[in-house]
Each structure stands twice: as structure tokens, then as C-alpha cells.
Amino acid sequence: MPSYDKSDIQRRMTGAVDALRHDLGGLRTGRASTTLLDPVNVEVYGSNMPLNQVATVSAPEPRLLSVQVWDRANVSAVEKAIRSAGLGLNPMTDGQNVRLPIPDLTEERRKELAKLAGSYAENAKIAVRNVRRDGMESLKTDEKKKEISEDERKRLEAEVQKLTDDTIKEIDAVAAAKEKEILSQ
């Protein structure tokens with residue numbers, strides 16, 4: 001049984017792109033996005049919980065996030081968690097609703113965020129290259145075990161390389177779009 005599995009390699013490369021999209025979604029541009037609060041964990045009921053498990057997050061306006069806390073007793077914990085998350089947001093509480101106006105980004109902060117987006121993209125590329133390396137190694141192993149021929153190995157290596165190239169192009173496109181979004185506010 002050959003150890004090379006094209007669908008597994010595709011799945012892992014797609015996973016790297018999905019992870020990049022998720023990471024980039026958490027970067028703050030000038031617009032309100034509910035994914036901005038994904039990394040926020042709130043200490044309630046004696047444990048740390050993601051914000052979306054104690055409140056509903058919405059973006060009623062382009063420059064405002066609204067957090068509707070389900071249990072009135074957790075409002076101050078939610079406010080504290082958002083304040084200490086390092087997102088540069090200043091929560092304003094109104095009953096069980098916490099409003100978060102999204103401030104304009106300074107030019108310096110935009111450049112930092114664009115640089116961070118670039119580093120996320122580089123990490124995704126490294127992950128893809130690691131998947132490629134694993135695929136190439138399993139092909140060589142299969143050839144040594146005489147499960148595939150040398151010609152078959154070369155053909156499959158070209159296939160893996162094409163998958164890698166396509167995925168890296170996709171990563172570059174996703175990162176470039178995010179950098180453009182960050183810098184053009």
C-alpha cells in the first residue's frame with residue numbers, strides 16, 4: 001500500500017490557506033468585523049470561555065461592534081476581557097449591551113498590521129512547504145519499497161509541486177488583498 005495520499009496533501013494545503021484566512025480575519029482594518037473578537041476569552045463561571053459562548057457579537061454599523069451579553073452578571077467580565085485583549089478597543093456598556101466603536105487606524109498601525117499579515121502569509125507558506133516535503137518523502141519511500149516506479153514517482157512529484165505552487169499563489173493573493181484592505185482605509 002503506497003504511503004503517498006494526494007487527497008491528504010490537498011486537504012493539508014487547503015487547511016493552511018483556511019488557517020491564514022482565519023488569522024487575517026482577526027486583523028483589524030478600519031471596518032467592524034465580528035471575527036475581530038474571536039481571540040477574546042472571558043473568565044466566567046470559574047473558567048475561560050470564548051466570547052461567542054457568553055454573548056452575541058454583531059456589526060450593526062461599519063464602524064461599530066455590538067456585544068449582547070446573555071447573562072447580566074457577566075457584563076463586567078466581558079468588558080474587562082475586551083479591554084485587556086490588546087485590540088485597541090474601548091468598550092462602552094449600556095445595560096447588557098457592550099458597544100465597541102472602531103477607531104481610525106494611524107498610518108503607523110496600518111503598516112504594523114500589513115507587516116503582521118505578511119508574517120501570517122509566510123507562516124502559511126512554511127506549512128505548505130512542510131506538507132510538500134512530507135509528500136515528496138512518502139513518494140521516495142514508496143519507490144524504495146518498489147510500490148511505484150521511478151517514472152510514477154517523478155510524475156507524482158510534479159503533481160505535488162503543482163499543488164504547492166497553486167496553494168502558494170492563493171496564499172499570496174489572500175495576503176495581498178488583506179494588505180491592500182489594511183493600507184487603503
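Here are some friendly notes on the predicted model above, point by point.

1. Some ground rules to start. Residues are numbered from 1 along each chain as its sequence is written, and side-chain values use heavy atoms, with hydrogens and water left out. Because this is a predicted model, local features need pLDDT of at least 70 and side-chain atom pairs count only at pLDDT 80 or more, while totals for chains, interfaces and linings use all residues.

2. Let's begin with the helix pair α1 (residues 6–25) and α3 (residues 107–144); helices (H or I, at least four residues) and strands (E, at least two) are DSSP runs, numbered from the N terminus. The axes of α1 and α3 come within 9 Å and cross at roughly 170°, which means that α1 is roughly antiparallel to α3. Axes here are lines fitted to C-alpha atoms, for helices over the stretch in contact, with angles from 0 to 180 degrees between N-to-C directions; angles under 35 degrees count as roughly parallel, over 145 as roughly antiparallel, 65 to 115 as roughly perpendicular and the rest as oblique.

3. Who makes that contact (heavy atoms within 4.5 Å)? On the α1 side, the residues include I9, R12, M13 and L20; on the α3 side, they include Y120, A124, V128 and V131.

4. I9 deserves a second look. Of the 26 residues in the largest nonpolar core, I9, L20 and I171 touch the most other members, and α1, α3 and α4 each supply at least two residues of this core. A nonpolar core is a set of buried Ala, Val, Leu, Ile, Met, Phe, Trp, Tyr and Cys residues joined through side-chain atoms within 4.5 Å. Another core, of 23 residues, lies apart from it, with L37, A55, V69 and V78 among them.

5. Is T167, in helix α4 (residues 150–183), buried or exposed? T167 has a relative accessible area of 10%, so it is buried; buried means under 20%, exposed over 50%, and partly exposed in between (1.4 Å probe, protein chains only). Leaving aside residues up to four places away in sequence, T167 touches M13, V17 and V128.

6. E43, in strand β1, has 62% relative accessibility and therefore counts as exposed. Beyond residues up to four places away in sequence, E43 touches N48 and A77.

7. A77 leads us to helix α2 (residues 75–83), where V75, A77, V78, E79, A81 and I82 are buried. Their cover includes β1 (41–44), β4 (64–69), β5 (92–94) and β6 (97–101).

Terms used:
Contact means heavy atoms within 4.5 Å.
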